[in-house]
Amino acid sequence: MSTTLVGKRILLIIGGGIAAYKGLELIRRLRERGADVRAILTKAGEAFVTPLSVSALTGDKVYTDLFSLTDEAEMGHIEMSRDADLLVVAPATADLLAKMAQGLANDLASTTLLATDKRVLVAPAMNVRMWLHPATQRNIAQLRDEDGVLFVGPNDGEMACGEYGPGRLAEPLEIVAAIEKALAGPTFIPLPGSVRADTRLLPAKIGKDLPLAGKHVLVTAGPTHEPIDPVRYIANRSSGKQGYAIAAAALAAGARVTLVSGPVSLLPPPGVNLVPVETAREMLEAVRTAMPADIGIFAAAVADWRVADAGAQKIKKGAEGTPSFSLVENPDILATIAQDKARRPSLVVGFAAETEHVVEHAKAKLARKGCDLIVANDVSPESGVMGGDRNRVHLVSASGVETWPDMDKDAVARALVARFGEMANATA
Ligand SMILES: Cc1cc2nc3c(=O)[nH]c(=O)nc-3n(C[C@H](O)[C@H](O)[C@H](O)COP(=O)(O)O)c2cc1C
């Protein structure tokens, strides 16, 4: 038996349909595979299965009421919607699908579905006429094609009402297989537009049409810390904000994102695979491990040098006078990856932070490193870019130099990601 469900948290919403009893079997199948199942039963659902049966099978209380004082105090509906790895609606009634498509939130199930930041898998079940009704078909198209909701079933077959056709709930094991598949993909729902990457949430809509769907984007961000001894290090003023915003924008554009980050005080955008590192050498190692990638965006401010023979013990003040250090060059991560013939991403983007002659230095860097594009910016103290929220970038490539207006870093990130998408899709 597959182990992909071990420890996964499934929030199961059981709607008021004749197939609700199969929701009970689904709980059993999920639990025997090691999943944690929490259940919401709609009011109509309670007419078909009892809260007691559901609760006995989940081993947890069952949630039925949006306005329950005790439930809300113990586990608020927003928290419940975020606490899961996946929301599953089985059976999904015509009514629940309609509410989801409209964004209604007038009971616990629909409010939770609207409040969640996780993917939703629905297993519809209804009378064939209800399924084929244009209203239901419109709702399905909206949910599946626009909102990134996943579907399993319905199957064709004989209905409890004696009619025949599409509308039968998928079998519990089919639903289990669909859950496993859903959990193997991105779990966050992308939102249109971005929320600040360093404040928390980002993502919105997951759909096959997103510009970076199916692509692996590797982003480096932040400074590196190069040790002098176990308690001291050489650092730089990079905040990581621009790299984190790019990671968030790439995620919202449908990519799988690996973010290799030096030490920063930002929260990673939920849904990215964060690989924290400290030194330049660790960063190169993490980048190599994360490969292959379709797009490599090297936004980190990697220290050019490190202290040769960093002390194994704290260097003490004393008889030996003021210490002096010799520096050795760090590996050049951008050039290493851009010149790696076997594993080079099809698009390699470098960043150049300069305090003078920004464009000239960027042109030289483009030629030296072998990347496709340099995003250059002025980081002189008067620019306020280092650690600030705004950025003014120049795009330097073989086809020339483009200077963008001053924008906030999230807007720069979205515009850059849109451009990277065009470039990557042109070369694909
Ligand atoms: C006996 C009976 C069986 C029903 N079966 C279904 C069904 O299979 N699918 C469905 O969409 N609605 C079915 N309904 C209608 C729903 O129960 C009704 O639309 C309800 O409002 C759904 O509420 P809910 O979406 O909050 O669970 C059935 C109703 C009855 C009385």
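**Cis peptides and positive phi angles in a predicted model**

Q: In this predicted model, which strand holds Pro91?
A: Let's start with the backbone around this proline. Pro91 falls within residues 86–92, and that stretch is strand β4.

Q: What is omega, roughly, for the peptide bond that joins Ala90 and Pro91?
A: Good one to check on the structure above. The bond joining Ala90 and Pro91 is cis, and its omega is about -5°.

Q: Where is Pro154 found, and which residue comes before it in a cis peptide bond?
A: Pro154 sits in the loop between β6 (150–151) and β7 (155–158). The peptide bond leading into Pro154 is cis, with omega near 5°. The residue on the other side of that bond is Gly153.

Q: Is Asp309 buried or exposed?
A: Asp309 belongs to the loop between β15 (305–307) and β16 (327–329). Its phi is positive, near 55°, although the residue is not glycine. A residue counts as exposed if 12 or fewer other C-beta atoms lie within 10 Å of its own. Asp309 has 8 such atoms within 10 Å, so it is exposed.

Q: What is phi, roughly, for His357?
A: To place this residue, look at the loop between β17 (347–354) and α13 (358–369), where His357 lies. His357 is a residue other than glycine, yet its phi is positive. The value is near 45°.

Q: How many other C-beta atoms lie within 10 Å of His357, which is exposed?
A: The cut-off for an exposed residue is 12 or fewer such atoms. His357 meets this cut-off, so it is exposed, and the count is 11.

Methods:
Residues are numbered from 1 along each chain as its sequence is written. This is a predicted model: local features need pLDDT of at least 70, side-chain atom pairs count only at pLDDT 80 or more; totals for chains, interfaces and linings use all residues. Helices (H or I, at least four residues) and strands (E, at least two) are DSSP runs, numbered from the N terminus. A residue is buried if 20 or more other C-beta atoms lie within 10 Å of its own, exposed if 12 or fewer, and partly exposed in between; C-beta atoms are placed from the backbone.
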